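Biologist: Please give me a close look at one part of this model, starting from a single position and working outward to the pockets and the whole chain. I would like each term to come with its cut-offs.

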Amino acid sequence: VLYATQQRLPTPPASTYYFAEGTTRPGFDEWICIQNSGDRNANVTITYMLETGTNIDNTMVVPAHSRSTVNVNAAVGPDHDVSARVTADRLIVAERPMYFNYYGWTGGHCTIGAQETSRLWYFAEGTTRSGFEEYLTIQNPSDRDARVDITSVLGNGTTVPGVAYVGARSRATVNVNAAVGPEQDVSMVVKCDNVAIVAERPMYFNYQGLTGGHCVMGSNSLDTQWYFAEGTTRSGFDTYICLQNPYNVDAVASLTFILGDGSTVVQPMLVPATSRQTLRVNDAIGPDQDVSTVVESDSLLLAERPMYFLYSGGWPGGHVATGARNPENSWFFAEGTTRAGFVEWLSLQNPGDIDATATLSFMLEDGTVQDNDVAVPAHTRVTVAVPNFIGPDRDVSVAIGCDQAIVAERPMYFIYQYVWPGGHVVVGL
């Protein structure tokens with residue numbers, strides 16, 4: 001509960017998080033960031049589930065009002081594909097950033113862990129066009145082997161069935177390009193009848209000369225409304241909205257683009273039955289706009305927002321996010337840094353009719369907390385440069401409390417170890 005007086009921090013919603021994706025193969029650095037926003041230390045156990053079925057348990061203490069970072073490569077050793085389960089005796093937040101050189105395509109991606117397993121997962125974005133390599137990673141944390149049915153929904157409305165087998169307490173990887181063939185736009189429905197699983201979709205790309213990768217946790221249900229705080233059509237940025245309709249009934253969606261000056265542009269979008277449709281936001285609103293988006297539909301669907309960029313003229317990459325289902329009064333981000341080579345931002349969307357004041361509680365690596373208030377006027381999107389508040393060379397988690405319901409995302413751009421440029425984004429928890 002967040003009190004209007006801001007006398008206590010909002011509370012994270014979970015103490016367990018799952019990550020299907022992860023690897024320590026050559027060219028990949030994997031980390032797990034854990035935020036403890038509470039007043040007491042958190043005892044945390046990370047269970048690594050390897051492709052061999054071997055499990056490795058590591059324990060740690062995350063101090064109150066702090067953030068801790070785990071080097072997964074050091075924890076499990078090289079040359080493993082790995083899923084993870086993070087559990088604690090307190091309410092926490094867990095994210096998994098990864099940085100890579102994938103056959104010469106450098107970048108990074110990041111996801112917040114799933115708070116529960118599910119027998120059903122959806123993915124709106126996906127493509128096997130030239131320059132794109134798509135994978136599906138599946139974690140089975142149960143004690144029984146899993147048979148997973150994968151329905152790939154192509155851009156023309158046809159479907160391609162597939163199946164994957166995932167051993168108990170293990171992880172498996174599906175090559176989507178091999179499963180559906182080249183030059184396909186594809187969304188997926190992932191279903192497991194006998195056990196609950198976790199599914200993610202990493203992709204690596206050369207997009208019009210911009211190389212990188214992005215990853216998203218699947219969504220375990222659909223909705224009629226989706227919110228995106230981040231988005232821009234500034235020079236060097238291409239922003240898209242992908243809508244997935246897995247049902248046998250056409251869906252009619254309305255996309256409301258909220259620009260930085262408070263004006264709006266509304267774009268209708270038909271999503272035929274069992275199809276996926278893509279809109280290039282740059283074409284809908286024109287250049288040089290910062291934009292947040294509200295997707296409303298007359299039928300259940302899933303919305304994702306991929307972006308590709310050349311950041312500041314020198315850092316190429318791309319990132320993707322699934323929309324938030326609702327505006328909320330509190331948001332959490334476990335990862336964050338203002339170290340050299342990293343630029344961190346917060347994008348705050350207020351789709352409501354009342355001006356909002358958001359309190360940003362920055363939790364630093366030494367356990368100190370710095371609070372700053374930011375105005376978020378009605379029907380606008382506000383962008384916050386995190387280094388302007390906490391200075392350079394800090395590792396930071398953020399808890400956001402707001403007197404009105406808003407949506408928050410955290411885009412970050414980087415040149416990791418001064419050699420791997422890219423960017424990643426997450427919608428807050």
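Modeller: A contact here means heavy atoms within 4.5 Å. The model is a predicted one, in which local features need pLDDT of at least 70 and side-chain atom pairs count only at pLDDT 80 or more, while totals for chains, interfaces and linings use all residues. Residues are numbered from 1 along each chain as its sequence is written, and side-chain values use heavy atoms, with hydrogens and water left out.

The starting point is V396, in strand β28 (residues 396-416). Helices (H or I, at least four residues) and strands (E, at least two) are DSSP runs, numbered from the N terminus. V396 has a relative accessible area of 0% and is therefore buried; buried means under 20%, exposed over 50% and partly exposed in between, with a 1.4 Å probe and protein chains only. Leaving aside neighbours within four places in sequence, V396 is in contact with R67, A334, E335, G336, T337, E344, F362, M363, L364, V386 and I390. The C-alpha atom of V396 is 8.9 Å from that of F333, and the two residues are 63 apart along the chain.

Strand β27 (residues 380-385) is mostly covered, with 5 of its 6 residues buried. Strands β24 (residues 342-350) and β27 run antiparallel and are joined by 6 bridges; two strands pair if DSSP finds at least two bridges between them. T383 in β27 is the bridge partner of S347.

Two other buried positions can be set beside V396. L279 is in strand β20 (residues 275-280), and L279 counts as buried because its relative accessibility is 16%. Not counting residues up to four places away in sequence, L279 touches T239, Y240, I241, L255, F257, Q267, M269 and A284. The C-alpha atoms of L279 and L255 are separated by 9.8 Å, with their positions 24 residues apart along the chain. S152 is found in strand β10 (residues 146-154), with a relative accessible area of 5%, so S152 is buried. Outside its neighbours within four places in sequence, S152 is in contact with T158, T159, V160, V180, V186, S187 and M188.

Next come the loops. Most residues other than glycine have a negative phi. Y103 has a positive phi of about 50 degrees although Y103 is not a glycine. Y103 is placed in the loop between β6 and β7, and at a relative accessible area of 74% Y103 is exposed. Phi of R169 is also positive, near 50 degrees. R169 lies in the loop between β11 (159-166) and β12 and is partly exposed, with a relative accessible area of 25%.

Now the pockets. On a 1 Å grid over the protein atoms alone, a pocket is an open set of points where a 1.4 Å probe fits, with protein on both sides within 12 Å along at least five of seven lines, and lining residues have an atom within 4 Å of a point. The largest pocket has a volume of about 860 Å³, a volume being the space filled by probe spheres set on the points, which are joined across faces, edges and corners. Its lining has 33 residues, and Q115, G323, V427, G428 and L429 are the closest to its centre. Strands β7 (105-112), β15 (210-217), β22 (315-322), β23 (328-333) and β29 (420-427) each supply at least two residues of this lining, and β23 gives the most, with 4 residues. By class, the lining has 18 nonpolar, 12 polar and 3 charged residues. Ala, Val, Leu, Ile, Met, Phe, Trp, Tyr, Cys and Pro count as nonpolar, Asp, Glu, Lys and Arg as charged, and the others, Gly among them, as polar.

The second largest pocket holds about 350 Å³ of space. Of the 17 residues lining the second largest pocket, R25, F28, D81, Y102 and Y135 lie nearest its centre. Two or more lining residues each come from β6 (82-102), β9 (132-140), β12 (170-175) and β14 (198-207). The largest share, 4 residues, comes from β12.

Last, the chain as a whole. The protein chain has 4 helices and 29 strands. Its radius of gyration is 20 Å, close to the 22 Å that the globule rule gives for 429 residues, so the chain is as compact as a globular protein of that length; the radius is taken over C-alpha atoms, and the rule is 2.2 Å times the number of residues to the power 0.38. Of the 429 residues, 61% count as buried.
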